[in-house]
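Hi,

Here is the structure I promised to send over. Have a look at it first, and then read my notes below.

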Amino acid sequence: MSKHKLILSDILDEMSSAVKKVLKTRWKKVKPLAELQLKSIIHNLEQIAELKLQGKITEEQARLHLTIQKESIRTILLSFEGIGIVTAEEAINSALSSVKTIVNKAIGWKIL
Amino acid sequence: MLKFFSSLFILSFFISCSGIRLIQEYDSISDNRINSLQEKTAKFFIRVDRQFSKPDLNYDNFISFYDDSKADINVLLVRNRALYKTSITQQQLESLLIQFNSLELLHKKGFTSKEEIIIIKSAIENSFTAILQFQLSLKKRSNT
C-alpha cells in the first residue's frame with residue numbers, strides 16, 4: 001500500500017521549517033526601513049515642539065503638524081500589519097506545500 | 001487512523017485550492033495611481049521649496065494641486081472599497097487624505113519657515129514609502 005510511513009512529526013517539522021524560512025527572510029528586509037521611518041518621525045516631532053517653543057508656529061499650526069505626523073505613523077504601522085499578513089499567508093501556503101511532497105511520497109501516488 | 005485521514009482530506013482541500021488568501025490581491029491600477037500621486041507630490045515640494053518667501057508660494061497658486069491630489073485619493077478609495085479584502089490599503093489612503101487636508105490648511109495659513117516644509121515633506125514621503133512598500137509585497141506575492 002504505502003511506500004513510506006506517514007509520520008506526523010516529520011510533517012510538522014517540515015511545515016515549521018518552511019514557516020521559519022519565510023518569516024526570517026521577509027522581516028529581515030522590512031525591519032531596517034521601518035526603523036528608519038519611525039526615527040525620522042520622532043525627529044519631526046521634536047522639530048514641531050521646537051518651532052512651537054520658538055513661537056514660529058501657533059498652537060493650531062502645531063496641532064495640524066502633529067496630525068500629519070500621527071497619520072504618517074499610522075500608514076507605517078498599517079504597512080507593517082499588511083506585510084505581516086502577506087508574510088503569514090506565504091508561511092501558511094509554504095507550509096502546506098511542503099507537506100505535499102511528504103504526503104505524496106508516503107501514500108505512494110499523487111494525492112495532493 | 002480515521003482522524004488522520006480526515007485531517008489529510010482537509011489539508012488536501014486547502015492545498016488543492018491555489019493557496020490561502022488572507023489579504024487582497026495585487027491591483028496594478030491602484031499601484032500605478034499611487035506612484036503617480038507620489039510623483040505629483042514630489043514636484044509640489046520642489047516647487048514650494050524653490051518659491052519659499054516669494055509671493056508665488058501663495059495658497060491660491062496651488063489650489064489645483066490640492067484639488068487633483070484629493071480627487072486622486074478619492075478615486076483610489078472608491079476603487080479599493082469595491083475590491084475584496086482591501087481594508088489596509090483603504091485605511092492608508094484615508095490617512096493620506098487627512099495628511100493632504102492638514103497640509104492644505106497649513107498652506108492656507110501660510111508657511112512660516114522652511115523647517116515646517118521639511119517636516120511635512122518627510123512625513124508624507126514616509127507615508128508614501130510605507131504604502132508602496134505594502135503594494136510591493138502584494139506584487140511580489142502575485143509573482144510567486
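Let me start inside chain B, where Ser30(B), Ile34(B), Leu37(B), Thr41(B) and Val48(B) are the buried residues of α2(B). Buried here means 20 or more other C-beta atoms within 10 Å of the residue's own, exposed means 12 or fewer, and partly exposed is in between, with C-beta atoms placed from the backbone. Helices (H or I, at least four residues) and strands (E, at least two) are DSSP runs, numbered from the N terminus.

Before going on, a word on the source: this is a predicted model, in which local features need pLDDT of at least 70 and side-chain atom pairs count only at pLDDT 80 or more, while totals for chains, interfaces and linings use all residues. Residues are numbered from 1 along each chain as its sequence is written, and chains are lettered from A and ligands numbered from 1 in the order in which they are written.

Back to α2(B): its buried residues pack against α3 (63-82), α4 and α5 of chain B. Contact means that the C-beta atoms of two residues, placed from the backbone, lie within 7 Å. The helix covers residues 28-50, and its 23 residues should span 33 Å at 1.5 Å a residue, which agrees with the 33 Å between its end C-alpha atoms. (The expected span is 1.5 Å times one less than the number of residues.)

Chain B as a whole has 5 helices and 0 strands, and 28% of its 144 residues count as buried. Of its contacts between residues at least 6 apart in sequence, 77% join residues at least 24 apart.

Two spots in chain B that you may want to find on screen: Ile20(B) sits in the loop between α1 and α2, and counts as partly exposed because it has 13 C-beta neighbours inside 10 Å. Ala71(B) is in helix α3 and has 10 such neighbours inside 10 Å, so Ala71(B) counts as exposed. The C-alpha atoms of these two, 51 residues apart along the chain, are 34 Å from each other. From Ala71(B) to Lys108(B) it is 37 residues in sequence and 19 Å in space, C-alpha to C-alpha.

Now chain A. It has 2 helices and 0 strands, with 22% of its 112 residues buried. Its helix α2 runs over residues 59-107; those 49 residues should span 72 Å at 1.5 Å a residue, and the end C-alpha atoms are 71 Å apart, which agrees. After α2(A) comes Gly108(A), with a positive phi near 100°.

How do the chains meet? The contact takes 40 residues from chain A and 41 residues from chain B. On the chain B side, α1 (2-16), α4 (87-109) and α5 (114-143) each supply at least two residues, and α5(B) gives the largest share, 16 residues.

That helix packs on α2(A) at an angle of about 15°, with the axes 9 Å apart. Axes are lines fitted to C-alpha atoms, for helices over the stretch in contact, and angles run from 0 to 180 degrees between N-to-C directions. The two helices α2(A) and α5(B) are therefore roughly parallel, a label for angles under 35 degrees (over 145 is roughly antiparallel, 65 to 115 roughly perpendicular, the rest oblique). Among the residues that meet there are His65(A), Ile68(A) and Val86(A) from α2(A), and Ile119(B), Phe134(B) and Arg141(B) from α5(B).

Cheers
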